Amino acid sequence: MEFSPELSVNQPVLINSKFKVELVMKREDLIHPVISGNKFRKLKYNLEEAKKQNLNTILTFGGAYSNHIAAVAAAGKIYGLKTIGVIRGEELKDKIMSNPTLRFAHQSGMQFEFVSREMYRKKNSREVLSTLKSNFGEVYVIPEGGTNSLAVQGCEDILTDKDKHFDYICCPVGTGGTISGVINCSKPSQQVLGFPALKGSFLQEDISKFASKENWKLISDYHFGGYAKINTNLISFINQFKKEQNIPLDPIYTGKMMYGIFDLIENGYFPAGAKILAIHTGGLQGIEGMNLKLKEKGLPLLD
Ligand SMILES: Cc1ncc(COP(=O)(O)O)c(C=O)c1O
């Protein structure tokens, strides 16, 4: 599988000319089908560090549909590393083959440790980490969502000199690692807008820990009720966007961000002449799992 940051290109997004702004998507999703977008950026220096420390097992954490779990499993297979996924929810033990993300990770060689929600909540505690280390031996631990300082460093490679003329850089936000890297590599004159995919005020603080500038702001109106919550408006926006722009969006992160950007454009948020760059952070592997949930609920599916 071809796998390179050079595959990321800037693709113009067609918008009605009555809105006098320019919108471009940075197609980080094209880097790799699974280790795509921010996953590639977040893992790059962490995998190098694991190698430096002579550790050939990666242990990480995630939920049933986690893009990060899928990406770590795929990277492990490519680089010949053993991978362990600590998964939230003991009941998933019997559902590996019916869950597309877990099935993929399993088929890529990942070993699972299913834990209760209560234990999962304590995953960063010394107690849980030392239990995991005593069960699995010397492992390189990557936190949930892949965010740590090496991940932020990787995300600092997202913007290049070619992007310096943009006035606004838009980025989806989960744990805040990706946007922190984007802020650090932005120009002070650029404004970085983050679109959280979940509710909660903790993000502001988390981003401030890693971000070296203050040219950023969170736009918290487009989480659609919380993490992995979607509605028929969002589904039809994503399907129409794919048809018109030839760009697939994931329903959890980039779909919500693009919906938000279109809404802001229509409501005159950006001044005339504004040049906007939106980062496509990947996550397309999650579409299959989301479609299973939509089918159960009798809702329209993502194309
Ligand atoms: C596809 C995708 N986009 C964006 C994000 C948000 O990134 P972060 O957690 O660094 O804020 C994630 C989660 O890691 C993701 O999987």
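This passage looks at one sheet, the helices around it and the cysteines in a predicted model.

The sheet is an open one with four strands, lined up as E5-E4-E3-E6 and paired in parallel. E5 and E6 (140-142) sit at the edges with a single partner strand each, so one side of each is left without a neighbour in the sheet. On average, and ignoring direction, neighbouring strands here are turned by 20° against each other. Five bridges link E4 and E5, again in the parallel sense; in one of these strands, E5, Phe112 is the bridge partner of Gly85. Helix H2 lies across E3 (57-62), E4 and E6, and runs at about 165° to E3.

Helix H3 spans residues 100-107, and its buried residues are Pro100, Thr101, Leu102 and Ala105. Residues three or four places apart on an α-helix point the same way, because each turn takes 3.6 residues. The buried set of H3 packs against two of the sheet strands, E4 (82-88) and E5 (111-115), as well as against helices H2 (67-79) and H11 (286-296). Where H3 starts, Asn99 brings a side-chain oxygen to within 2.9 Å of the backbone nitrogen of Thr101. After H3 comes Gly109, with a positive phi near 105°.

As for the cysteines, the structure has zero disulfides. Cys155 is buried, at a relative accessible area of 0%. The cysteine sulfur closest to that of Cys155 belongs to Cys171, but it is 7.7 Å away, which is too far for a bond. For Cys185, the closest cysteine sulfur is in Cys155, and at 8.6 Å it is also too far for a bond.

Note on methods
Residues numbered from 1 in each chain as written. Predicted model: local features only at pLDDT ≥ 70, side-chain atom pairs only at ≥ 80, totals over all residues. Heavy atoms only, no water. Buried < 20%, exposed > 50% of the residue type's maximum accessible area, 1.4 Å probe, protein only. Contact = heavy atoms within 4.5 Å. Polar contact = N/O pair within 3.5 Å; in protein donor to acceptor, adjacent residues only side chain to side chain. Disulfide = S-S within 2.5 Å. Pairing = 2+ DSSP bridges. Axes fitted to C-alpha atoms, helices over the stretch in contact; angles between N-to-C directions.
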